[in-house]
Amino acid sequence: MVQKHIVEARGIHKHFGPLHVLKGVDLQVDERELVFVIGPSGSGKSTLLRCLNRLEEPSSGSVVVDGIDMLDPRTDINHARQRIGMVFQSFNLYPHMTALGNVTLALRKVAGKSRAEADALARKALERVGLADRADHTPGQLSGGQQQRVAIARSIALEPRVMLFDEPTSALDPELVGSVLEVMRSLRETGMTMIVVSHEMGFARNAADRVVFMDDGLIVEQGPPAAIFENPTHERTRAFIGQIQRH
Amino acid sequence: MGGWDRFVETFFNAKVMAKYLPDILSGMVVTIELALLIVVTGLAAGLALALLRSLGIRPLNWLIIFIVDLFRSLPPLVIIVLMYFGLPYAGPSPSGFVSTWLSLALVLMAFSEEIFWAGITSIHHGQWEASRSTGLSYGQTLFNVILPQAFRLTIPPLTNRTIAITKGTALGTVVAVTEILGQASSAVSNSYNPSPLMMGAAAYIVLFFPVVVAARWIETKFAWKR
Amino acid sequence: MIQTFFNPEIIVAAWPIVMSGLWNTILLSLIVVPLGLLGGLILALLASIRHPLVRWPLMAWVDFFRAFPPLVLLVLLFAGLPFAGLELGGFACVAIAFFLNTGSYYGEIFRAGIDSVPAGQVEAARSTGLSRMQAMRYVVLPQAVRNVLPDLLSNTLEVVKLTSLGSVVAVPELLYEARQAQSVTYNPTPIVMAAVIYFLILWPLVRLLSRLENRALAGRR
């Protein structure tokens, strides 16, 4: 019996004009798995992530998430995206809405909840990220860490099957990183499937099930964190890990 | 009679003013009607063009840009004169009122399209991505996420431009619209006394000064922080 | 249609008169734009004295002319002043009206520009011994003008377009001459010619502005 993957990406290529950013990437992720994607900047990590929910259109290849063919033109992409949460490096909270408004927007407009239902679900989501008391604050009144936690709440309120994290802590001051990682850790404990692009190697070491190393548009090597960090087999992986650990 | 008395007798003649007050008041009604029509239709058309432009259809966008540039380049009075004195040669003969309304609405459309468009494009791309990633459609994202932020940015330039163009209703007098200036001018030639003109000037101040002060207040209120 | 709006014979016949109108429009612009700039600069420099006794009357002055349609101002000068024994003629009336009206708009722009220069600039200049006026002249104004250049250009475009009001008080500028030619030939071609000329002259400026404005709004995000 072949194991059923919740994320199944095959042969993904992506061109930006003359740039060949992804050169045939395969990525399978199991349910409840936390996959950590590392690699030098420009290696295609973020582009890969954005191809999974089709914010970026792959030039070729296939993406199936939770049984839905994401690249099929007949797929209702807006409906499918509800099942795939995404957290951005720059938070991208809506500045003209409160924290609660940020979380309820898609609940009401996409999931079709009533205002009362949406409010209740949003408050629950904000509670999960420890910000129940900030529901009526606007993004401008929140710290970076709090903003990112609201952004996580915005995604998990839709009860996604998979969560994508695109460098969620890179824009944060060091002292605020911990609170966001804490939320991600608790999310993992609920069994959420997560794909994380990040430079937080400590977090990768003790929370990830698998680490994927990408370079130059290809997956070079993958395996359990211990194997990748202690015994990388590829020269390029070794160089990258060595560089990071020197800092 | 001293110089001051003669001045008052000439420019603020009570008898003349009493006689022509009803004319000036009816002129104010016409000015207000004209102004409201211009603001509503001009801004609606400008927003509609900006939304069309956001669809990104190349040939359509070139056409929109050309129309906008055209009505930003031409003096409003030239457009009014062309419509009123020129169009009849081709068939339709719009009245002075309609010529003034359409001309200034087109000018406001052009300026407001430009401002709305700048507002829409200035919203960071991440806002689109965040919204689309939660499953909102293009239209839902535009109306719930992008436009509310864009409007905030556009309000100060938009109010200023709207006032400047709406004041142009006075140009209607050139094509025989019986708005304030038209009424005042004919009253001056009938009475051979400038008092109606002073009343007309006062009428404009009564109408537009509060709007200008309100605009100043809006400008500070909506000034973008940071 | 072409015979009506782009009649070749009428274009030829009206050419000299329309060209002389164009020349007067250019001349008029060359007079009223510097005049407006001067008025604006005076207002902005006065506004930089942050005393309430200066500030409030100044603000009222500026708002008054922002509320007052320029054509009404022009007619008031042209048709009203003769009753006081002052016959200035169309050209002088246009000049005065524009000095007052466009000066207020330019003044607001200069003021915003001066406000946009950080106070530290003046302090640094004064600390090196420059007088208040020198600091304004050499340090603040150059930066202020650069910061509000798009607005200055945009207002200048409006001023040039506004010179068409001169036609109402018989100043023989482009629109006036075109209308004269139209009433003689009973054909709208001369007005179309005037419109095309305005468009050809002002279009490059509009293009440039549209670029600058987009950038400015994006930068305010």
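1. Contact here means heavy atoms within 4.5 Å. On that basis, chain C and chain B each put 57 residues into their shared interface. Keep in mind while reading that this is a predicted model.

2. The C–B interface buries about 4800 Å² between the two chains, and 70% of that sits on carbon and sulfur atoms. The residue make-up on the chain C side goes into the same note: 36 nonpolar, ten polar and eleven charged.

3. There is some polar chemistry across C–B too. I'd list four salt bridges and nine residue pairs in polar contact, with both partners at pLDDT 80 or more. One salt bridge to look at joins the side chains of C:R207 and B:D69, at 2.6 Å from N to O.

4. Which elements of chain C give two or more residues to the side that touches chain B? They are α1 (2-5), α3 (52-67), α4 (70-80), α5 (89-116), α8 (149-162), α9 (174-185) and α10 (189-219). Of these, α10(C) gives the most, with 15 residues.

5. On chain C itself: ten helices and zero strands, so to speak an α-α-α-α-α-α-α-α-α-α run along the sequence. The C-alpha trace spans about 70 × 45 × 30 Å along its principal axes. Of the contacts in chain C with a separation of 6 or more, 77% link residues 24 or more positions apart.

6. Burial in chain C: 47% of its 221 residues are buried. The chain exposes about 10700 Å², with carbon and sulfur atoms supplying 69% of that area.

7. Now the other interface, chain B with chain A. The contact takes 16 residues from chain B and 21 residues from chain A. About 1600 Å² is buried between the two, 56% of it on carbon and sulfur atoms. In chain B, the residues losing the most area to chain A are B:E129, B:S133 and B:T134, which together account for 32% of what that side buries.

8. B:E129 deserves a second mention: it forms a salt bridge with A:R50, the closest N and O atoms being 2.3 Å apart. The B–A interface has one salt bridge by the rule, alongside eight residue pairs in polar contact, both at pLDDT 80 or more.

9. Where does the chain B side of this interface come from? The elements giving two or more residues are α6 (125-133) and α7 (138-166) of chain B. The largest share, seven residues, comes from α6(B). By type, the residues on that side divide into four nonpolar, ten polar and two charged.

Conventions: Residues numbered from 1 in each chain as written. Chains lettered and ligands numbered in written order. Heavy atoms only, no water. Buried area = accessible area lost by both parts, 1.4 Å probe. Polar contact = N/O pair within 3.5 Å; in protein donor to acceptor, adjacent residues only side chain to side chain. Helix = DSSP H or I, 4+ residues; strand = E, 2+ residues; numbered from the N terminus. Nonpolar A, V, L, I, M, F, W, Y, C, P; charged D, E, K, R; others polar. Buried < 20%, exposed > 50% of the residue type's maximum accessible area, 1.4 Å probe, protein only. Areas by Shrake-Rupley, 256 points an atom, 1.4 Å probe, with all protein chains shown as cover.
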